[in-house]
Amino acid sequence: MTLSPSRTALPEPRNEAQLAASESLEDYTLRFAPRSYRKWAPGVVATSALGGIAYLADFSIGANIGIAHGTTNGILGILVAAIIIFLTGWPLAFYAARYNLDLDLITRGSGFGYYGSVITNIIFATFTFIFFALEGSIMAQGLYLGLGLPRPIGYLVSTVLIFPLVIYGMKVLAKLQVSTTPLWLLLMVIPVGYLIAWQPDSVADFFAYTGEEGEGANFASVMLAAGVCLSLIAQIAEQIDYLRFMPPRTPENRRSWWAAVILAGPGWVIFGATKQIIGMFLAVYLIANVPGAVSFANEPVQQFLATYQQMMPQWLALLLAVVLVVISQVKINVTNAYSGSLAWTNSYTRITKRYPGRITFLVVNLLIALALMELNMFDFLNAILSFYANLAMSWICVVAADIAINKYLLKLSPKIPEFRRGMLYDWNPVGIVSLVLAGGVSIAIYFGAFGATVQPFSPLFAVGIAIVATPLMAIITRGRYYLRRSDDGIELPMFDEHGNPSGETLRCHVTDLEFERPDMIASAKTGENGERLYLSSLALSTDRLGEHVLPADAPRSREDVLHARADAPHDHVDASPGSPGSPLDRTAAPHDPTKG
């Protein structure tokens, strides 16, 4: 797969926009993923995305909640979390694959605004280094057990190993994920299958296990278990970092396209929940058969080592356990490092209008994760994840509610996701207020501010408040803070005959490179002879003076807004944003809070 000639022969960088373009044409750090680059088949994209869920933290999470709450409560909690994660992840995955945007770009136009989504970007970046540290800690456990390597040195090795694998972006990551998945699956499935087939008593012990508290089915325990699992809800953002490279959906690939989106999008949680239950199963097996195992039954390397030892010589069992841990850690942490570097770079560039390079923030993300490992965060796994879950759920549920309710039911949010500077308001109270309410109240409940009775149910409050507050805020604001403009100044259609983002290109007068139609916008400046100039969203994001930002639409009356909405076409994907009656032309712009 190669880039088009217009993208391979880059001019010598002369300004911030050209510097950003020269470093980000493969990674598409700040923008739409162009059609010319998306040459992978749906199955390859799905396999690459699912390779990112090879993490072993699921086994630790399942073991921890099983030990704390017992098998019945643990499984029920896992299933509750899986249902919530699947339902909220579906609209996000669809938008990413259909419009080829990452979750930050989707969040901008789904209730948060151009700068408002920086808040959620930081939440996501936090997710990436927390889980990088968890996986790095697990790898260090394996290196200590297999090679006797001191854990502090193991933490450093697990961090340094990832850096060269992430430099080159999606091309290398796709090859890595596809090539390592068969071996990873084999090493994970064989020991579980062995226990079920050759030691059936382990299954009976598993279902009879009641945990440290010795309690039966209990709703509060189920919700506490679900709260830990729901911390993984932000994993959909990492899945989307792959799904945005889906090829155009056509009548020929329609079935494979949908299968890939569902499986690698919200469907990731099916595999995640399965791994959590397996982790619980292996932990119970250890506790039942190895004296004193309760102190290390939550360590995946110990779980698999104990099972392999039943099947083969000690040296081979140890080797396979370490290999499984290393492969799993590499598969997930290249994704954590990659997604984290994208999130930090995107936020920094938007705020400062300077592009430091994705590699800069790759180093930052890895250093933060290394510091967490050295502080032994693995021992506080449940507490960290339970707290973080409240923020992650609030963000994901707000965006999902905006897409499902505000866009499709209330029609107060434009269906076509907008992400370009100047087209959006800087801040949209719909998402920001809903996030603050959902996250703030659920965290207060988590810390016991409303009493011990409701404390276990903080995850439910995060989900419920987000889903209720988001449409309520859209109704209160009447959807007026979504779009600053209804016309991007370009006459070319935004979509092709199948509703896919157009592959037509325009030349950016700032970078002197060609970019595809969905990534372009007209400039507020004109050429020497008064001709219309165009620039890419990438160039516009680094415009420090705001001289290229188009002015806001003139204020319109409430009657005009309602009339425009009534005339908007139902088949939104075939309409051009600049055309009369476009669904982008649905929102009033009462005033312009954008300051360049």
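This report walks through a predicted model of one protein chain, from its overall make-up to one serine and one cavity.

## The whole chain

Let's start with the big picture. The chain is 596 residues long, and 61% of those residues are buried. Its secondary structure comes to 22 helices and 4 strands.

How do the contacts spread along the sequence? If you take contacts between residues at least 6 apart in sequence, 81% of them join residues at least 24 apart. As for the outside, the chain exposes about 21,300 Å², and carbon and sulfur atoms supply 66% of that area.

## Cysteines

If you go hunting for disulfides here, you'll come back with a count of 0. You can still look at a couple of cysteines, though. Cys229 has a relative accessible area of 2%, so it is buried, since buried means under 20%. Cys397 counts as buried because its relative accessibility is 1%.

## Zooming in on Ser117

Now find Ser117, which sits in helix α6, a stretch covering residues 117-147. Is Ser117 buried or exposed? Ser117 counts as buried, because its relative accessibility is 0%.

Which residues does Ser117 touch, leaving aside those up to four places away in sequence? They are Asp104, Thr107, Arg108, Phe112 and Arg350. Two of these names come up again when you look at polar contacts. The side chains of Ser117 and Arg350 are joined by a polar contact of 2.6 Å. The Ser117 side chain also makes a polar contact with the side chain of Asp104, at 3.1 Å.

## A cavity inside

Next up is empty space. Rolling a probe the size of a water molecule over the atoms shows where such space is left. In this model, the count comes to 5 cavities of 30 Å³ or more. The second largest cavity holds about 100 Å³ of space. Its lining is made of 13 residues, and the closest to its centre are Asp102, Asp104, Asn121, Phe124 and Asp241. You've met Asp104 already: its side chain is in polar contact with that of Ser117.

Which helices each supply at least two residues of the lining of this second largest cavity? They are α5 (103-112), α6, α12 (235-243) and α16 (314-352). Helix α16 gives the most to that lining, with 4 residues. Helix α6 should ring a bell too, as Ser117 has its place there.

Technical notes
Residues are numbered from 1 along each chain as its sequence is written. This is a predicted model: local features need pLDDT of at least 70, side-chain atom pairs count only at pLDDT 80 or more; totals for chains, interfaces and linings use all residues. Side-chain values use heavy atoms; hydrogens and water are left out. Buried means under 20% relative accessible area, exposed over 50%, partly exposed in between (1.4 Å probe, protein chains only). A polar contact is a pair of N or O atoms within 3.5 Å; within protein, one must be able to donate a hydrogen and the other to accept it, and residues adjacent in sequence count only if both atoms are side-chain atoms. Contact means heavy atoms within 4.5 Å. Accessible areas come from the Shrake-Rupley method with a 1.4 Å probe; for residues, only the protein chains shown count as cover. A disulfide is a pair of cysteine sulfur atoms within 2.5 Å. On a 1 Å grid over the protein atoms alone, a cavity is a set of points where a 1.4 Å probe fits but cannot get out, and a pocket is an open set with protein on both sides within 12 Å along at least five of seven lines; lining residues have an atom within 4 Å of a point. Grid points are joined across faces, edges and corners, and a volume is the space filled by probe spheres set on the points.
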